[in-house]
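Me: Here is a structure for us to read together. I will ask short questions, and each reply should reason its way to an answer.

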Amino acid sequence: MTIFIDTHTHLDFENYNEDREKVIQRALGKNVVALITIGTNLETSRRAVELAEKYTPVYAAVGIHPNDSAACSDEDLVQIEKLAANPKVVAIGEVGLDYYRDHASPIRQQEVFSEQIAIAHKLKKPLIIHNRDAHEDTLELVCEYNAGQVGGVFHSFSGDEAYLEKILLENFHISFTGNLTYKNSVSAALIGQVPLDRLLLETDSPFLAPVPMRGKRNEPAFIVYTAAKIAGLIGIDVETLGRVTTENAARLFKIEI
Ligand code: NI
């Protein structure tokens, strides 16, 4: 049987308000054995934990996204740490730096990111890192605060081969979203360089639906399309890819399958 873990979805988003339960059922129907729903601020992190408590196969990550870091208060970070202690919270995320958008100054983003690396250390939980157009600074903070000790994943990886090597050296995993299925995807050319034991699968749903669903609302069940594409690019069967990436995610996030 081919099984998967969707390591990055935003099940709490209002895009799923009409059919959230069916979305989860469809994922289970495609043998997605676990789903990690990701917070982006205090409110979505709370909702992520609620979903994880309600549905057995759903796990949560809690954190302040760089684009939400301007509005993040010290008290928010205290609350994030409290939420993170919940046994169904398997990671701190998504956190990181986003210089593509200017919702928060780089300095503020860096502060909020480094404080959340500290939370990850304190609770010994891995990081789910969002890095957009901020390669150098993200890596610098990861090194400075020894984030490799807790490890985690650079989700929706967008660096080049040299950057990939540095991230791997820092003990991080890599995942790609459905945009890997798009024509002329840079990530598609890079996938062969990722050691199989560091690769995770994700949808980042409701965003970035893979071909042939491109343009539609994405959902965790669509992970099968990204998985098929990646398996083809690497030259292994999808069952093996599903098994290995599931083992990787289970090990990293301490999820029992
Ligand atoms: Ni995301």
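Me: Where is the place of P206?
Reply: This is a predicted model, where local features need pLDDT of at least 70, side-chain atom pairs count only at pLDDT 80 or more, and totals for chains, interfaces and linings use all residues. Residues are numbered from 1 along each chain as its sequence is written, and side-chain values use heavy atoms, leaving out hydrogens and water. Helices (H or I, at least four residues) and strands (E, at least two) are DSSP runs, numbered from the N terminus. P206 sits in the loop between β8 and α8.

Me: Is the peptide bond from S205 to P206 cis or trans?
Reply: Most peptide bonds are trans. Here omega is near 15°. The bond from S205 to P206 is cis.

Me: Which proline follows V211 in a cis peptide bond?
Reply: Omega of this bond is near 10°. The proline lies in the loop between β8 and α8. Its name is P212.

Me: Which residues are the protein donors of the nickel ion?
Reply: Donors are N, O and S atoms within 2.8 Å of the metal (3.2 Å for Na, K and Ca); water is not among the atoms, so sites may look incomplete. The protein donors of this nickel ion lie 2.2 to 2.5 Å from it. They are H8 (NE2), H10 (NE2), E94 (OE) and D204 (OD).

Me: How many residues apart in sequence are the parts that H10 and D204 tie together?
Reply: H10 is in the loop between β1 (4–9) and α1 (20–29). D204 is in the loop between β8 (199–201) and α8 (223–234). So the pair ties together parts whose separation in sequence is 194 residues.

Me: Are H10 and D204 buried or exposed?
Reply: Buried means under 20% relative accessible area, exposed over 50%, and partly exposed in between (1.4 Å probe, protein chains only). By that rule, both H10 and D204 are buried.

Me: Within what arc do the buried residues of α5 fall?
Reply: The buried residues of helix α5 (residues 135–144) are T138, L139, L141 and V142. The arc is taken from the directions from the helix axis to the C-beta atoms. These residues line one face of the helix, because, seen down its axis, they fall within 160°.

Me: Which residues are exposed on the other side of α5?
Reply: An α-helix has 3.6 residues a turn, so residues three or four places apart point the same way. The exposed residues on this other side are E136, E140 and E144.

Me: Which residues is N86 in contact with, leaving aside its neighbours within four places in sequence?
Reply: N86 is in the loop between α3 (74–84) and β4. N86 is buried, with a relative accessible area of 16%. Contact means heavy atoms within 4.5 Å. N86 touches V49, E53 and K125.

Me: What is the relative accessible area of N184?
Reply: N184 is in the loop between β7 and α7 (186–190). N184 has a positive phi of about 60°, although it is not a glycine. N184 is exposed, at 74%.

Me: What is the radius of gyration of the protein?
Reply: The radius is taken over C-alpha atoms, and the globule rule is 2.2 Å times the number of residues to the power 0.38. With 257 residues, a compact globule would come near 18 Å. The protein agrees with that, at 17 Å.
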